[in-house]
Amino acid sequence: MKRGRKNTEANSSSSEETTEKEPKRHKVIDKKTVVVQSPDWANLLQDIILQVFQYLPLLDRAHASQVCRSWNQVFHMPDLWRCFEFELNQPATSYLRATHPELIKQIIKKHSNHLQYVSFKVVDSSKESAEAACDILSQLVNCSLKTLGLISTARPSFMDLPKSHFISALTVVFVNSKSLSSLKIDDTPVDDPSLKVLVANNSDTLKLLKMSSCPHVSPAGILCVADQCHGLRELALNYHLLSDELLLALSSEKHVRLEHLRIDVVSENPGQTQFHTIQKSSWDAFIKHSPKVNLVMYFFLYEEEFDPFFRYEIPVTHLYFGRSVSKDVLGRVGMTCPRLVELVVCANGLRPLDEELIRIAERCKYLSAVGLGECEVSCSAFVEFVKMCGGRLSQLSIMEEVLIPDQKYSLEQIHWEVSKHLGRVWFPDMMPTW
């Protein structure tokens with residue numbers, strides 16, 4: 001017992017000595033160290049929280065708003081609701097998560113007047129999802145949108161709706177949004193009268209209009225837009241809406257210079273679609289007014305339907321052939337498209353395109369991007385093509401199956417020769433990249 005008591009006393013005395021010495025040691029350390037306190041997240045500046053919230057998915061943002069009162073206040077700040085994408089689908093037809101219906105109600109109730117940049121993404125082909133988008137549109141009576149996009153990743157979607165229901169919902173936005181600058185309504189039943197409502201309320205601000213595959217719009221309807229919306233800079237439409245009158249309207253002195261014109265030339269049934277011809281004088285007037293315009297043309301035609309095209313010089317800059325195209329048509333491209341910058345040929349057949357590629361290299365001095373799919377080109381002709389184009393070919397996507405070995409070059413040799421003329425390492429593609 002005495003020995004234990006002595007040990008206890010010794011321990012207590014040593015601990016007291018340690019306690020006395022400890023502050024002295026801490027004083028030395030405190031001069032060299034900084035005490036780090038745990039952050040007070042609730043008192044972060046709201047501007048910082050706002051920046052963080054803008055990068056969060058909507059559901060995570062909603063969960064974060066429940067952390068404290070300050071974060072909840074940021075969640076409801078107008079700046080956070082200027083840009084919003086409604087994602088709509090039916091659980092039975094899509095595994096993707098949709099914007100929750102209750103959240104949509106809260107957005108319309110509390111934030112509809114803050115919305116400015118809105119898109120609707122329908123990720124399935126159900127009529128119910130498209131109807132949900134129209135129901136939301138019809139409730140946006142207190143907002144003034146600047147951009148609106150209706151995106152349907154699976155067709156037909158909006159085209160399944162009754163035309164009157166869709167037009168009624170879209171007109172609500174056209175009437176209430178007095179400063180609409182960008183409108184993307186591809187694959188929708190929009191019609192001429194609704195475009196007139198658009199022009200009547202937004203003619204001074206509209207700069208971008210994309211409306212490919214809108215069968216209820218006539219050439220007169222799109223002409224009305226071009227006549228009144230003099231600030232229009234980007235336009236995308238189907239070829240059946242293109243006319244000499246439209247090009248001349250876009251070339252008037254009142255109209256700003258167009259920056260981008262996309263034309264989809266599509267045929268669903270071979271031989272059943274008649275394609276008109278645009279006069280060369282109309283193209284000349286158009287390019288004189290907008291000399292730097294990007295004219296993009298997508299062709300989805302059958303071989304026998306190309307007769308009206310590439311008969312004289314046209315100012316196309318980007319050319320895509322989504323179906324098989326004949327040697328004759330590609331030969332005409334080399335003769336009639338001097339402004340060509342990009343050329344993509346998905347298929348051609350079994351006849352080599354040697355002469356056609358050489359002609360394109362000779363005539364198209366601005367060509368900088370080429371993609372060839374199910375075609376055939378001899379290795380020698382391909383090397384000559386690259387040699388003529390030189391380093392300006394910033395993108396060269398050629399399937400390995402396209403190249404035919406000959407007496408001069410094998411497949412093993414060609415990548416070295418092409419790399420030499422391009423000034424960088426190049427290999428054929430194993431699969432299409434466009």
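## Helix α12

In this predicted model, helix α12 spans residues 327–336 and is mostly covered, with 8 of its 10 residues buried. The buried positions are K327, V329, L330, G331, R332, V333, G334 and T336. Two arginine or lysine positions, K327 and R332, are thus listed among the buried residues of α12.

The buried residues of α12 pack against two strands and a helix: β9 (318–324), β10 (342–347) and α13 (354–363).

## H114 and its surroundings

H114 lies in the loop that runs between α5 (101–110) and β2 (117–122). Its relative accessible area is 17%, and because the cut-off for a buried residue is under 20%, H114 counts as buried.

Once neighbours within four places in sequence are set aside, the contacts of H114 are with P78, W81 and R82. M77 offers a distance for the same residue: M77 and H114 are separated by 37 residues in sequence, and their C-alpha atoms are 9.1 Å apart in space.

## The chain as a whole

The protein chain contains 15 helices and 14 strands. Of its 434 residues, 46% are buried. The accessible surface of the chain is about 23,100 Å², and carbon and sulfur atoms contribute 53% of that area.

Among contacts in the chain with a separation of 6 or more, 73% are between residues 24 or more positions apart.

Terms used
Residues are numbered from 1 along each chain as its sequence is written. This is a predicted model: local features need pLDDT of at least 70, side-chain atom pairs count only at pLDDT 80 or more; totals for chains, interfaces and linings use all residues. Side-chain values use heavy atoms; hydrogens and water are left out. Helices (H or I, at least four residues) and strands (E, at least two) are DSSP runs, numbered from the N terminus. Buried means under 20% relative accessible area, exposed over 50%, partly exposed in between (1.4 Å probe, protein chains only). Contact means heavy atoms within 4.5 Å. Accessible areas come from the Shrake-Rupley method with a 1.4 Å probe; for residues, only the protein chains shown count as cover.
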